[in-house]
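Me: I would like to go through the chain contacts in this model. Please take a look and we can start.

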Amino acid sequence: MNRSFFQQKRDRNETAARALLFMSALVCCLLVVLILGFMVVTGLPLFGQNQAMDLLTGAWSPHNGGYGIAPMIFGTLWISFLSVVISFPMSLGCAAYICVLGPHGKATVMKRCVQMMTGIPTIIYGFVGVFLLVPLIRNTAGTGSGMCILSASLVLAVLIAPTMILFFIQSFDRVPRSWLDAVDALGGSRVQKLVYVVLPACVKGIVTGTVLSFGRALGDTLVALMIAGNAIQKPDSLLDSARTLTAHIALVSAADFESMEFKSIFLCGAVLYLITALVILGARLIERRGTHE
Amino acid sequence: MTPPKIKIESLDFYYNTHQILSNINETIPENAITSIIGPSGAGKSTFLSLFNRLWETTPGARVEGRIQARFSDSFMDINDPKLSVIQLRRAVGMVFQMPNPLPMSIFNNVAFPLKLAGITEKETVQNRVTTAIKACGLWPEVKDRLDKKATTLSGGQQQRLCMARALVMEPEILLLDEPTSSLDPRSGAMIEELMVQLKPRCTLIMVSHQPDQVERIADQVIDFTPGSESCR
Amino acid sequence: MNRWGEKAIYSLSVLSCVLLFGSVAILLGYLLVKGLPALNPGLIFGSTPMVDALFLKRQVFDGIFPAMAGTLALIALAITIAVPLGLLAGIYMAEYSGRFTRSVFGFFFDLLSGIPSIVVGLFGFSAILFFHHHISESLAPCLLVSALSLAFLVLPYIVKTTQIALETVPQQTRITGLALGATRLQNIVFCLIPESLSTILGGIILAVGRCAEDTAVIMLTGAVVSAGLPDSLFKGYEALPFYIYYISSQYADQTELTQGFGACIVLLLICATLFTLAAIIQKKVRHTLLYRH
Ligand SMILES: Nc1ncnc2c1ncn2[C@@H]1O[C@H](COP(=O)(O)OP(=O)(O)OP(=O)(O)O)[C@@H](O)[C@H]1O
Ligand SMILES: [Mg+2]
């Protein structure tokens, strides 16, 4: 082995590979911009002056030429908030049972089950909701069609629960083994372990998981479309029908290209995009804050 | 004592701001076994990783000072940025504490460094792999199952396989990080014997926690115990 | 905390489990009871003999065979587009990205994975609208647009799994190849990818499941109620989830509804199979693919 053996050689493959990999990553990122871009490019020319603002805040009254998407924004927020409110305690309880409170033997099986649940197609939740839950709500409430915010939120709550549980479990599992052993050694019960060690250590993870699940609920189309009734109105009670932004897009995209109604879906898309971006940004900020402290 | 193979001059090593090694000056003789001893956390593994620049894979690691190794006739600086670290690692073999066979067949494990170096000629590969396995005394045990998974071997066999893998490139320097500490005494003895046999071809640097082992095979000892600066 | 408090917390967590697992069990049970009667070859092939249908001798009109074939074609296309791109981007993220690119690209990928599927669908829809106006009048929503949009939808999954799989390769394995003189690229190709292959494959299968179940995207980008077997990239096509959605709102009689339940079971079976496959692969398959001598 002489000196030339150790000479740096320019590795063509390495350079080429690096370029290719970088380009791929860049392309993927550009897609994100592209998605917004196409909506704006296609949607923007459709609007006249000041129309966008009217659409964003105005009421929906096609007879008077009002095509505001405010009712849809309310519908979306109502349904997703409610579903998270229902789902959160349930998910937290389940995650706690799986990770801390329940017997070790069951944990793996239950976790597997929860993982499998995330694989149940959304359309199936919707389909069963329509034919099982909606009549149930209709009969219990005694009024209306049963297609309402409550029904949609209930189904959505079950739909997002597995994801939320997995987020929680993920953060529970990061609690150092030694902390748990310490509580065990001190003679603490499982509930004490949960309340005094696990939960305080996981606040950040729990918040992040909830925020991300909220994002998931916001973006769901099928459940709201099939179960919430799709009436365009500002909902007053849980038993009122409502339309979400996502359902609005799905319903109107088949309409006439030139109608104002049609133009509003691009605005809906942009609003959804924006809310999602905020949610993701929020989740990331929460995660950051914890790591700096 | 044989002529020096490696010269280390005023060497400092840091992980971020944490200084691990300070002002090390040593010479390592050629065709001999140099043993590094010292308490846990003293920086023995870190020291070993200086010779094939494996420390560069750790973010925040930094080295100051000079390490010169003599390949063919002249000394050259290992940390010279113009020196190809890939080639360096092909010329400096390393064996770890835990046997780390890759998830492939026994034969492919030993042939792997050749493949990395672009040596593909079938005959050559066959010969060099066989030679390396034989050199490690593993041949009778594996000659009928070369295409079996390397993970099916016993711990001692795996470690000898790793030696064979490190030797297939015919390195002039071989680094061993506690090569026998995860093995039973018999397998450990075989590795030791192998190291002694390798002396004419190689310069060996070994981290060891076993005083009796050091006693048996080391030609030189570098002690990393804080406060002691002993060489034998 | 007194004993009653502990008891209460424990009971609440058990209750959450019962609630969640119970609702999902009811959902699946209901589906089975309603759909089992429809589960026969007639559901899939209608009145056409099975052999003729499978060998494409005769068209199937009253079964879900075309919808299943459409879904299959869609998955195959979308995955073929998404996997190479996602793999490369994931490798870049794990092995080549610097601090800055990692955090910026990471945000974009998070965003992409958070964008509601209907918005991705709207993107595909507006893109094709754009091309329709500016390039050729003949362009309309079709299989290719759906596949592209779906590919974008699952791209972040593949990027993320690849990235995580590579990043979690233990340091010990990581330096094995390097110590033997592997270049960065060789180390990735010969050591890291084989080591993490099972995880990556698992992620890809989950992406396939996502393609199989998604309804919102294909609704906007080309799924139609009746199109026969998919035979062109530039035409509309049938898909299983879309068929189920259609049935839920437009069913004519009880038989059709039962068929809808049957289709739900078929879709569920497909997704369950994929999920189980993913789970098994993530456990069992160990890096045998890339090594042949
Ligand atoms: N990746 C790293 N980042 C920061 N510090 C490290 C890292 N690796 C090792 N260290 C520190 O460097 C010091 C020396 O570690 P090293 O592994 O070289 O010790 P050692 O002598 O080999 O110990 P042992 O006998 O236990 O193997 C230790 O104090 C350790 O904490
Ligand atoms: Mg060590």
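Me: How many salt bridges are there between chain C and chain A?
Reply: There is 1 salt bridge between chain C and chain A. Please note that this is a predicted model.

Me: Which residue pairs with Arg284(A), and how far apart are the closest N and O atoms?
Reply: The partner of Arg284(A) is Asp110(C), and the closest N and O atoms of this salt bridge are 2.8 Å apart.

Me: How much area is buried between chain C and chain A?
Reply: About 7000 Å² is buried between chain C and chain A, and carbon and sulfur atoms give 83% of that area. Chain C contributes 77 residues to the contact and chain A contributes 79 residues.

Me: Changing partner: what are the figures for chain C and chain B?
Reply: Chain C and chain B bury about 2000 Å² between them, with 67% of it on carbon and sulfur atoms. This contact takes 20 residues from chain C and 22 residues from chain B.

Me: And how many salt bridges across that interface?
Reply: The count across the interface of chain C and chain B is 0 salt bridges.

Me: Back to chains A and C. At what angle do H6(A) and H1(C) pack?
Reply: Helix H6 (residues 149–173) of chain A packs with helix H1 (residues 3–35) of chain C at an angle of about 130°, and their axes are 10 Å apart. H6(A) and H1(C) are therefore oblique to each other. Their crossing is left-handed.

Me: Which residues meet there?
Reply: From H6(A), Val158(A), Ala161(A) and Ile165(A) meet Leu20(C), Ser23(C) and Val24(C) of H1(C). By class, this contact of H6(A) with H1(C) has 5 nonpolar residues, 1 polar residue and no charged residues.

Me: Now within chain C: how do H5(C) and H7(C) pack?
Reply: Helix H5 (residues 99–114) of chain C and helix H7 (residues 143–167) of chain C pack at an angle of about 135°, their axes being 8 Å apart. H5(C) and H7(C) are therefore oblique to each other, and H5(C) passes H7(C) in a left-handed crossing.

Me: Which residues of H5(C) make that contact?
Reply: H5(C) supplies Arg102(C), Phe109(C), Asp110(C), Leu112(C) and Ser113(C). On the H7(C) side, the contact residues include Phe152(C), Leu155(C), Pro156(C) and Glu167(C). The residues of the contact of H5(C) with H7(C) divide into 6 nonpolar, 2 polar and 4 charged.

Me: Where else did Asp110(C) appear?
Reply: Asp110(C) also forms the salt bridge with Arg284(A).

Definitions and conventions: Residues numbered from 1 in each chain as written. Chains lettered and ligands numbered in written order. Predicted model: local features only at pLDDT ≥ 70, side-chain atom pairs only at ≥ 80, totals over all residues. Heavy atoms only, no water. Axes fitted to C-alpha atoms, helices over the stretch in contact; angles between N-to-C directions. Helix = DSSP H or I, 4+ residues; strand = E, 2+ residues; numbered from the N terminus. Parallel < 35°, antiparallel > 145°, perpendicular 65-115°, else oblique. Left-handed = near helix turned anticlockwise from the far one by under 90°. Contact = heavy atoms within 4.5 Å. Nonpolar A, V, L, I, M, F, W, Y, C, P; charged D, E, K, R; others polar. Buried area = accessible area lost by both parts, 1.4 Å probe. Salt bridge = Lys/Arg side-chain N within 4 Å of Asp/Glu carboxyl O.
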